[in-house]
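Here's a walk through a two-chain model, starting where the chains meet and ending with some backbone oddities. Keep the structure open as you read.

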Number of protein chains: 2
Amino acid sequence: MRTARKTTAFFIVISTAWCAVAARGDEGMWLFSDPPGKMLAQRHGFELSREWLDNLQRASVRFNLGGSGSFVSGDGLVMTNHHVGFDSIQKLSTSQRDYITTGFYAKTPDEELPCHDLELNVLASIEDVTERVEAAVPPGSEPEEAHKARLAAMNTIEKESLDTTGLRSDVVALYHGGLYHLYRFKKYTDVRLVFAPEQDIAFFGGDPDNFTFPRYDLDVCFFRVWEDGKPAKIEHFLKWSKTGAREEEVVFISGHPGRTNRLNTVAHLEFLRDRALPERLDELRRGEVLVSAYGERLAENARRAKRDLYGFANARKAQLGALAGLQDPAILACKRADEATLRSAVLADRALATSCGAAWDKIAAALAAWDGIYQPHRLLEDPTVFNCALFPHARTLVRLAEESAKPNAERLREYRESNLASLEQSLFSEAPIHKDLETIKLADWLARLVEKLGADDELVVQILAGKSPAVRAEELVRSTRLDDPAVRRELAEGGQKAIDASDDPMILLARLVDARARELRAEFERKVEEPMQQAYGEIAKARFALAGKDVYPDATFTLRLSVGVIRGYDEGGMRIPAWTTIGGAYDYAAARDNQPPFRLPESWIDRRDRLDPQTPMNFVSTNDIIGGNSGSPVVNRAGEVVGLVFDGNIQSLVWGFVFDEEVARAVSVDCRAIDAALRDVYDAAELAAELGRGRTD
Amino acid sequence: MRTARKTTAFFIVISTAWCAVAARGDEGMWLFSDPPGKMLAQRHGFELSREWLDNLQRASVRFNLGGSGSFVSGDGLVMTNHHVGFDSIQKLSTSQRDYITTGFYAKTPDEELPCHDLELNVLASIEDVTERVEAAVPPGSEPEEAHKARLAAMNTIEKESLDTTGLRSDVVALYHGGLYHLYRFKKYTDVRLVFAPEQDIAFFGGDPDNFTFPRYDLDVCFFRVWEDGKPAKIEHFLKWSKTGAREEEVVFISGHPGRTNRLNTVAHLEFLRDRALPERLDELRRGEVLVSAYGERLAENARRAKRDLYGFANARKAQLGALAGLQDPAILACKRADEATLRSAVLADRALATSCGAAWDKIAAALAAWDGIYQPHRLLEDPTVFNCALFPHARTLVRLAEESAKPNAERLREYRESNLASLEQSLFSEAPIHKDLETIKLADWLARLVEKLGADDELVVQILAGKSPAVRAEELVRSTRLDDPAVRRELAEGGQKAIDASDDPMILLARLVDARARELRAEFERKVEEPMQQAYGEIAKARFALAGKDVYPDATFTLRLSVGVIRGYDEGGMRIPAWTTIGGAYDYAAARDNQPPFRLPESWIDRRDRLDPQTPMNFVSTNDIIGGNSGSPVVNRAGEVVGLVFDGNIQSLVWGFVFDEEVARAVSVDCRAIDAALRDVYDAAELAAELGRGRTD
């Protein structure tokens, strides 16, 4: 259940009473700058201290591709999910040594494997810059001007902060534009793989069991951050609980939920239901079938496609669950009732009626504009859609040359000064690029251009150059040299002159597409993004005026605190206990003939006798989480690790729109299973001993 | 590569010179009533005799679900592909005896397994009824009236023929409406399974190798038709070749190509490219992911979903190839040139200009109307879209009651008198219906209704009854009793009164949907089908006037003769020989670690020593075929079976639009591989000995 920029489950066969305007039970993805101290004291008798919160914040780690983690030793050891580390582990693997299948363990630091392009961030500080951002936008300015002014202010604030502090600095819009906060991060780019189990136990149960409970997954892996050629010395890290947690115990999750849409207007939810999610699901199924067919052809293909296949299937299941929620008439009816209540309150207050009475209509108008350019904008501008490595690299090189020549304030966001180091880490990555897989993906993208923009579209005709999508993709991928990182570096360093002189076909393609892509982006910003940001900002201010700031903002892939209790639930008349056990994993596999995806790895079969079958394996809690929270630590009142979030159950997949804790749950690996597996299955007692230990210096 | 109502391949990486107005090389799916005698004599030195042709016609068998076959003994033995028999074999299987996996062989007639709902047809005669059908349509009548009059004439002709001859009688529109022929069939409904190999060898190479060559598939199975409780005595059957065929030998294929679109207008091809094929592919991928995810959960699920999964994946690969062809600018450019030539010739002739000058614009207008109702018409009226068993049964019962009360001439086509027996065989089938699989399929259909018709559509709101698609599907499937064939029979026999009195939720759903579905069908017939049929009829007559009747009609799932030679081809600079061998199959599997889908079954591993590795396994020929031809016999000049068509190579997948024999090929099982496998792998010497043998009486 990973990934920042995606919402989240599957069929919700349990019907619940959804209506409620205020936060329910343990609902809330709270800002570390505005924690729910009063609620914690009242509801859980827990007195939140600044020190406790600070340590948790600084021990929390963000994985920039979309996931969470935490420092679990003073020597830079980072714990996250195997599925969060998947991308990095896959990039370190080859046909000869496939660490996804075999697992990996570095007994000593010099055996640790440097990742190709992994960046980890640790939140150092939060500053409210709302006034400065808003002051930059001239009142009454046209959307285009307003958008430019806002981005210029953000780029400038970030650059100043980077220059002053040396920290990665990002301005984040909260409440879809109600507040702007400057987040400063300590950044780690020398990250090394320490330990990963076999995928067969990390993702035991595979796609069928993804987003379900009971579960039996050891979805964990460990990295280490290095500085100056040595393991980094870390002041803030999490202690390791020896005893784990108990039923009904309060637990905290600190992580980076990617995106929720709980504050969306009804029109916006309808847009997701009717347009965005169905189209996205068609894309995901298309990708899943494409790479699955490629993978079936050869064992090495299957290895190469494994990460993609997991990504497509995981997102497909998550988005199906989200769509199922929006297709439930009861949920939409409640959203409508909530919105009607808020709008009435706004209209009843003259000042609010003036400042934000028109916000809902503005959003509806922006959505209509979005609808009009939906496919071209997505296909030509959205990098997630290209679904390959070579064309995005070409796009980045072409734009990097052009944007670098502009003053920082005028650049496209991703090329702003403060982001260049991160961008270059990815652009110059030495991770392998498989040209055969690139070819089928590019062919699919070209075919989609024909389908969605039309075979007679002038740009499409130019892109295909008289050939079929498959033939054109084959020649583009065969002839490009961008798979070589040295070639990409040379082009990046050569600037506009090098790009102008390049006859690499992928560069030529990126240049051909760029004018139209930029136009679409500008149109999107002018007609969709800016008006929506303004209107949501107005609605947020109305909420603050009417209900105070007890409303937490929707998830934004920034650090949040969630609170819950460990608790089972009832499903179809059965009680689902809060915990599963290691012994249960063996029984579950045996009942399925130990066949994939229910096959335990050899190591677990061999070491069965050493493991106590009663050891807790996975557990559920009522914490409010979403995709992006994967890899977050679960800590107790003492701030000790008791678990590791890796999933939500099927009933949680509507949490993108509405929280409910009757049956929806976060799913975590128990700290005792991690400890037992390291010691008794993987002969990794040193690593187990390091968990929660201070610096060794 | 089965199935009548679907076009056909994948990525065409070979570019060819497509332009040519006349038939190329061995192009042609010839009517048995208008065989290419002159071409055969000139090109292949073969003198076609009426007797030779008659025997081949009467030995050819149509599988009504979409496939071909042939009588190969005087005792009613029918040969077809395993993938054509798949549906019947699957329906005879249970979790305890899975004949798809294990294969099946009845050593004696009383061990043969009666199929649940298989109907086989043998073409007895062809009669041209064009004049009578056309005379029934009043000149200058409105489309609705014209359509009704034409259907009434067809229903009546068929009923008269059935009453007179006792034979199944279908009026078929050729050249998309240029000619109408009455086809009379001898019908067999007591069909029993005799032999099927394991799917691992029948579909060796699985989806990756589907539509490719070289291949190593034993894609064969045998049924027997019974009459009066005994194996039927058959006069016309095919002899079996002892020696097989040689390179460059001329061979004939007699079978039932499902659908081609070679005579389509450019606007119609563009409609397929831009609307029909992309939407169909989204549906297919959606179905593939849905049943694949269901199958992964449990071995028994995988067994239940196997036929569906094959069907979706096979069609997906075929349609992707077809779409790739239409997305090749070179192919469309040639189609445009051909059309321009024909239109100029029509406009240059005053009579033709008057009678058919407007036909192309009429077709474009009809396509625009189709576009306007595309999704509602598909989702509410097209039975292939429901993708489940229970709702179509309910629909059939509801309509059967209503249509049976009307005079035959006024009924919907599928409820005409002459079709009722076939319809009832399917409606009362005792094949198992799995409610869990039905539930997820129905939920998916309901979700698609929300997506495509809109959540606020009045009918959709009524269908969902306030619930989410998944919850609604679960309660509908749980409560219906239509999974019991006795319940269906009772409702059918009870007529309108029984339907009106039924509170079965699936019947209620079918009744709820029916008014709108019928409206959409009527609108489709009036605005799309009838104008297109008229316009294509006009174009066909222009072709006849300009070029004579040497133009064969597009495929219509009726019996056709195709002619070709056995010949290898060049691909990527390599020569692909015409044959593979049995020894090659072992090498190919070993090179892929004998892992699925490249795993040879135990029987083949055990009996390796008995087999001559040089035995020919599969071969390619230049015969013009398409989906629906699967299972067709390949015969030599002497009319003896030398092979069994089961596929086309990847390059043949554009044959739906344009034939080319440079590299595109039909793929067949060699008769010698069938003989060797029966004798040496399956201990089925009796069956091998029966092949080509006359009646035993």
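A salt bridge here is a side-chain nitrogen of Lys or Arg within 4 Å of a carboxyl oxygen of Asp or Glu. Bear in mind that this is a predicted model.

**Where the chains meet**

With that cut-off, B:Arg297 pairs up with A:Asp209 in a salt bridge, and their closest N and O atoms sit 3.6 Å apart. Between chain B and chain A the tally comes to two salt bridges. On top of that, there are four residue pairs in polar contact, counting those with both residues at pLDDT 80 or more.

Which elements supply two or more residues to the side of chain B that touches chain A? They are helices H8 (206-209), H9 (266-296), H10 (299-326), H11 (329-347), H17 (435-453) and H19 (469-479) of chain B. H9(B) gives the most, chipping in nine residues. Sorted by class, this side of chain B has 22 nonpolar, 16 charged and four polar residues.

How much surface goes into this? The size of an interface is often given as the accessible area lost when the parts come together. For chain B and chain A, the buried area is about 3,600 Å², with carbon and sulfur atoms giving 59% of it. In terms of residues, 42 from chain B are in contact with 41 from chain A.

**An arginine on the chain A side**

Now hop over to A:Arg286, which is found in helix H9 (residues 266-296) of chain A. Is A:Arg286 buried or exposed? With a relative accessible area of 5%, A:Arg286 is buried, because anything under 20% counts as such. Setting aside neighbours within four places in sequence, A:Arg286 is in contact with A:Asp444, A:Ala447, A:Arg448 and A:Glu451, and also with B:Arg285 from the other chain.

**A two-faced helix in chain B**

Next up is helix H1 (residues 37-44) of chain B, where B:Met39, B:Leu40 and B:His44 are buried. Why do these residues share one side of H1(B)? They cover an arc of only 100 degrees around the axis, so they end up on the same side of the helix. Flip to the other side of H1(B) and you'll find B:Lys38 and B:Gln42 exposed.

What do the buried residues of H1(B) pack against? Their partners are three strands of chain B: S1 (30-31), S13 (250-255) and S14 (560-565). Just after H1(B), B:Gly45 takes a positive phi of about 60 degrees.

**Backbone oddities**

A few spots have backbone angles worth a look, and here they are together.

| Site | Feature | Angle |
|---|---|---|
| A:Pro596 and A:Pro597 | cis peptide bond | omega about 0 degrees |
| B:Phe213 and B:Pro214 | cis peptide bond | omega about 0 degrees |
| A:His176 | positive phi, not a glycine | phi about 55 degrees |
| B:Asp228 | positive phi, not a glycine | phi near 55 degrees |

As for where to find them, A:Pro597 lies in the loop between helix H22 (582-591) and helix H23 (602-606) of chain A. B:Pro214 is in the loop between H8 and strand S11 (221-227) of chain B.

A:His176 belongs to the loop between strand S8 (168-174) and strand S9 (179-188) of chain A. B:Asp228, meanwhile, is in the loop between S11 and strand S12 (230-231) of chain B. At 74% relative accessibility, B:Asp228 counts as exposed.

Terms used:
Residues numbered from 1 in each chain as written. Chains lettered and ligands numbered in written order. Predicted model: local features only at pLDDT ≥ 70, side-chain atom pairs only at ≥ 80, totals over all residues. Heavy atoms only, no water. Buried < 20%, exposed > 50% of the residue type's maximum accessible area, 1.4 Å probe, protein only. Helix = DSSP H or I, 4+ residues; strand = E, 2+ residues; numbered from the N terminus. Arc of directions from axis to C-beta. Contact = heavy atoms within 4.5 Å. Buried area = accessible area lost by both parts, 1.4 Å probe. Polar contact = N/O pair within 3.5 Å; in protein donor to acceptor, adjacent residues only side chain to side chain. Nonpolar A, V, L, I, M, F, W, Y, C, P; charged D, E, K, R; others polar.
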